[in-house]
Each structure stands twice: as structure tokens, then as C-alpha cells.
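Hello,

Here is the structure I promised to pass on to you. Please open it next to this email, and then read on for what turned up in it.

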Amino acid sequence: QVQLVESGGGLVQAGGSLRLSCAASGRIFYAMGWFRQAPGKGREFVTAISWNGGSTYYADSVKGRFTISRDNAKNTAYLQMNSLNAEDTAIYYCAAGLSASSDYGQYRYWGQGTQVTVSS
């Protein structure tokens with residue numbers, strides 16, 4: 001059983017940056033993904049990274065602005081978010097699964113989420 005805990009969310013002005021962290025309870029030989037859910041909307045894929053960090057994938061809406069990374073020695077994944085805008089406001093969830101995928105059904109473990117609010 002893997003437990004994931006996100007942190008780093010908060011309130012930021014448009015154009016600003018935030019860095020989210022996802023700490024795992026143990027060694028994470030899993031791909032990691034970030035998803036988000038805005039009020040009244042479904043869960044949306046943001047980005048994913050393979051277990052060794054060799055491959056990364058991004059939604060078109062965040063490409064060039066967000067960067068996913070991981071430090072397996074620290075059992076932690078990160079999401080660096082730059083040039084934030086109001087459309088990025090959502091609860092952000094990290095997840096662990098067997099493969100880096102945009103399909104949330106492929107992920108086995110989920111964190112509780114962290115709120116990101118971007119003021120315009």
C-alpha cells in the first residue's frame with residue numbers, strides 16, 4: 001500500500017508560480033501523474049512521468065508552463081507550475097500507477113489533493 005500526500009498548494013496571482021510536492025510513504029517504483037479537478041468539472045490529466053523519470057507527458061493546456069520531476073531517493077514527485085492563470089484553479093491530485101498515462105483509471109494510488117487558486 002502506497003500513501004501519497006500532496007503539499008505546496010495555495011493562492012497565487014496570475015502570472016505567478018507554485019511548486020507542488022507529492023511525498024510517498026515508501027519507495028515508489030511507479031509512474032507518477034498529476035491530475036486536477038476544477039469546480040463543476042471532471043478530473044483532468046495534467047502531466048505524468050515514468051518511474052525512472054526518463055519519459056514525461058503533458059496536457060496541451062500546460063505544456064511549456066508546467067514541469068514534472070521526481071526524486072526517487074526522497075520518494076517525492078514535484079510539479080513546478082509557472083505562468084499560472086485563472087484556468088489553472090483546481091484541486092491538484094498526484095497519483096501512482098504502473099505506467100505514465102493520461103487515463104486516471106490506470107493509477108492505483110491517489111493523494112488527497114491540494115488546492116491551487118489563481119487570482120486574476
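**Salt bridges**

Counting a side-chain nitrogen of Lys or Arg within 4 Å of a carboxyl oxygen of Asp or Glu, the total is four salt bridges. Please keep in mind that this is a predicted model.

A good residue to start with is arginine 36. One of its partners is glutamate 44, and the closest N and O atoms of that pair are 2.8 Å apart. Another is aspartate 88, where the closest N and O atoms are 2.9 Å apart. Which parts of the chain does this second pair tie together? Arginine 36 lies in strand E4 (residues 31-37), while aspartate 88 sits in the loop between strand E8 (76-81) and strand E9 (90-97), so the salt bridge joins parts that are 52 residues apart in sequence.

Are these residues buried or exposed? Arginine 36 has a relative accessibility of 5%, so it counts as buried. Aspartate 88 is buried too, with a relative accessible area of 1%. Glutamate 44 is partly exposed, because its relative accessibility is 32% and that class runs between the 20% and 50% limits. If you select Arg36, Glu44, Arg65 and Asp88 together, you will see a network of salt bridges that links them.

Now turn to aspartate 60 and lysine 63, whose side chains meet in a salt bridge at 3.1 Å, N to O. Here aspartate 60 is exposed, with a relative accessible area of 67%, and lysine 63 also counts as exposed, at 52%.

**A charged residue without a salt bridge**

Arginine 70 belongs to strand E7. What is missing around this buried residue? Arginine 70 has no salt bridge, and the nearest side chain of opposite charge, aspartate 71, is 8.3 Å away. Its side chain does have polar partners, though. It reaches the backbone oxygen of tyrosine 30 at 2.8 Å, and it makes a polar contact with the side chain of asparagine 72 at 2.7 Å. Leaving out residues up to four places away in sequence, arginine 70 also touches several others, including Ile28, Met32, Trp51 and Tyr78.

**The nonpolar core**

Next, have a look at the inside. The largest nonpolar core has 34 residues, and those touching the most other members are Leu4, Met32, Trp34, Phe66, Leu79, Met81 and Tyr92. Many strands contribute: E3 (18-24), E4, E5 (43-49), E7 (66-71), E8, E9, E10 (107-110) and E11 (114-119) each supply at least two residues. Strand E9 gives the largest share, five residues.

Leucine 79 is a nice one to click on. Apart from neighbours within four places in sequence, leucine 79 is in contact with a set of residues, among them Leu18, Leu20, Trp34, Val46, Phe66, Ile68 and Tyr92.

**Alanine 96**

Last, find alanine 96 in strand E9. Its relative accessible area is 0%, so alanine 96 is buried. How far is its C-alpha atom from that of tryptophan 110? The two C-alpha atoms are separated by 6.6 Å, although the residues are 14 apart along the chain. With neighbours within four places in sequence set aside, alanine 96 is in contact with Leu4, Tyr30, Ala31, Met32, Tyr107, Arg108 and Tyr109.

Enjoy exploring!

Best wishes

Key: Residues are numbered from 1 along each chain as its sequence is written. This is a predicted model: local features need pLDDT of at least 70, side-chain atom pairs count only at pLDDT 80 or more; totals for chains, interfaces and linings use all residues. Side-chain values use heavy atoms; hydrogens and water are left out. Buried means under 20% relative accessible area, exposed over 50%, partly exposed in between (1.4 Å probe, protein chains only). Helices (H or I, at least four residues) and strands (E, at least two) are DSSP runs, numbered from the N terminus. A nonpolar core is a set of buried Ala, Val, Leu, Ile, Met, Phe, Trp, Tyr and Cys residues joined through side-chain atoms within 4.5 Å. Contact means heavy atoms within 4.5 Å. Lys and Arg count as positive and Asp and Glu as negative; His and the chain ends are not counted. A polar contact is a pair of N or O atoms within 3.5 Å; within protein, one must be able to donate a hydrogen and the other to accept it, and residues adjacent in sequence count only if both atoms are side-chain atoms.
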